[in-house]
Amino acid sequence: MVFQSDPYSVLLVSASEKLNTAVSALLPGADFWPVTVVTSLSRAKRRLLDQAFDVVIINAPLPDGMGTDFSMKLCSETDAAVALLIRSELYEETNASVLPAGVVVVSKPTNAQLLTQVIRGLCAMRERLRSVRDRQTTVEEKMEEIRRMNQAKWLLIERERLAEQEAHQRILQIAMERRISKRQAAEEIIRQYSEA
């Protein structure tokens, strides 16, 4: 079932021993590891200071709150896929308030089949978040390379009186001769003129 080569880390926030046992049984070690169970929101917050999780499942209510604000905060500040299990009479209101943040709401009581489907959906959501983050990182790296290239070009134009195309070709030539990336060549030029 795993979409990735590494297992998904799971944080289960639940004060119900029965639900903890049932959910843990649906998380085989080959696909989900570690599976960390905490019994309150405050313990979950402390645990999240030490480790990021791929999947967070919150079984409301908890001794120190419902978990709605906590679940929304997780979605806005982390890459975790988050599910909130809530009593059926609170489902509509809770779903309306947390859905815009990206929280998956599950009505209780539930069953193993539905929980398995929710967990698989959370894994799919986590993969999509991972893909978006990877694309964003690539775009940011490319933008940084362009900034460095432009900075190096302007130094060559200013210091060596080269035309912009000549400056660009000089960077490419240095990269090719030294078998380094264009960004590394640009950074060498920047360092060279910074020290001068």
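In the predicted model, two helices meet through an extended set of residues: Glu 141, Lys 142, Glu 144, Glu 145, Arg 148, Met 149, Gln 151, Ala 152, Leu 155, Leu 156, Arg 159 and Glu 160 in H5 are in contact with Lys 182, Arg 183, Ala 186, Glu 187, Ile 189, Ile 190 and Tyr 193 in H7. Two packed helices are described by the angle between their axes and the distance between the axes. For H5 and helix H7, which spans residues 182-195, the angle is about 40° and the axes lie 8 Å apart. The two helices are therefore oblique to each other, since an angle that is neither under 35 degrees, nor over 145, nor from 65 to 115 is counted in this class. The crossing in which H5 passes H7 is left-handed.

The strands of the model are arranged in an open sheet, in which five of them follow the order S2-S1-S3-S4-S5 with parallel pairing. Strand S2 (32-38) and strand S5 (104-108) each have a single partner strand and stand at the edges, so that one side of each is left without a neighbour in the sheet. From one strand to the next, the twist averages 15°. Helix H1, formed by residues 17-25, packs on this sheet and touches S1, S2, strand S3 (55-59) and strand S4 (81-87), while its direction makes about 165° with that of S1. Helix H5, which comprises residues 112-160, also packs on the sheet, where it touches S1, S2, S3, S4 and S5, and its direction makes about 150° with that of S4. H5 is thus in contact with the sheet as well as with H7.

Within the sheet, strand S1 (residues 8-13) is paired with S2 in the parallel sense over five bridges, and Phe 32 in S2 is the bridge partner of Tyr 8. These two residues also bear on the aromatic contacts of the model, for the structure holds one aromatic pair, and the rings concerned are those of Tyr 8 and Phe 32. A pair of aromatic rings is described by the distance of the centres and the angle of the planes. The ring centres of Tyr 8 and Phe 32 are 6.0 Å apart and the planes stand at 35°, so the pair is tilted. Distant parts of the chain are linked in this way, as Tyr 8 belongs to strand S1 and Phe 32 to strand S2, 24 residues apart. Tyr 8 counts as buried, at 0% relative accessibility, and Phe 32 is likewise buried, with a relative accessible area of 3%.

Definitions and conventions:
Residues are numbered from 1 along each chain as its sequence is written. This is a predicted model: local features need pLDDT of at least 70, side-chain atom pairs count only at pLDDT 80 or more; totals for chains, interfaces and linings use all residues. Side-chain values use heavy atoms; hydrogens and water are left out. Two strands pair if DSSP finds at least two bridges between them. Helices (H or I, at least four residues) and strands (E, at least two) are DSSP runs, numbered from the N terminus. Axes are lines fitted to C-alpha atoms, for helices over the stretch in contact, and angles run from 0 to 180 degrees between N-to-C directions. Contact means heavy atoms within 4.5 Å. Rings of Phe, Tyr and Trp (its six-membered ring) pair if their centres lie within 6.5 Å; planes under 30 degrees apart count as stacked, over 60 as edge-to-face and the rest as tilted. Buried means under 20% relative accessible area, exposed over 50%, partly exposed in between (1.4 Å probe, protein chains only). A crossing is left-handed if the near helix is turned anticlockwise from the far one by less than a right angle, and right-handed if clockwise.
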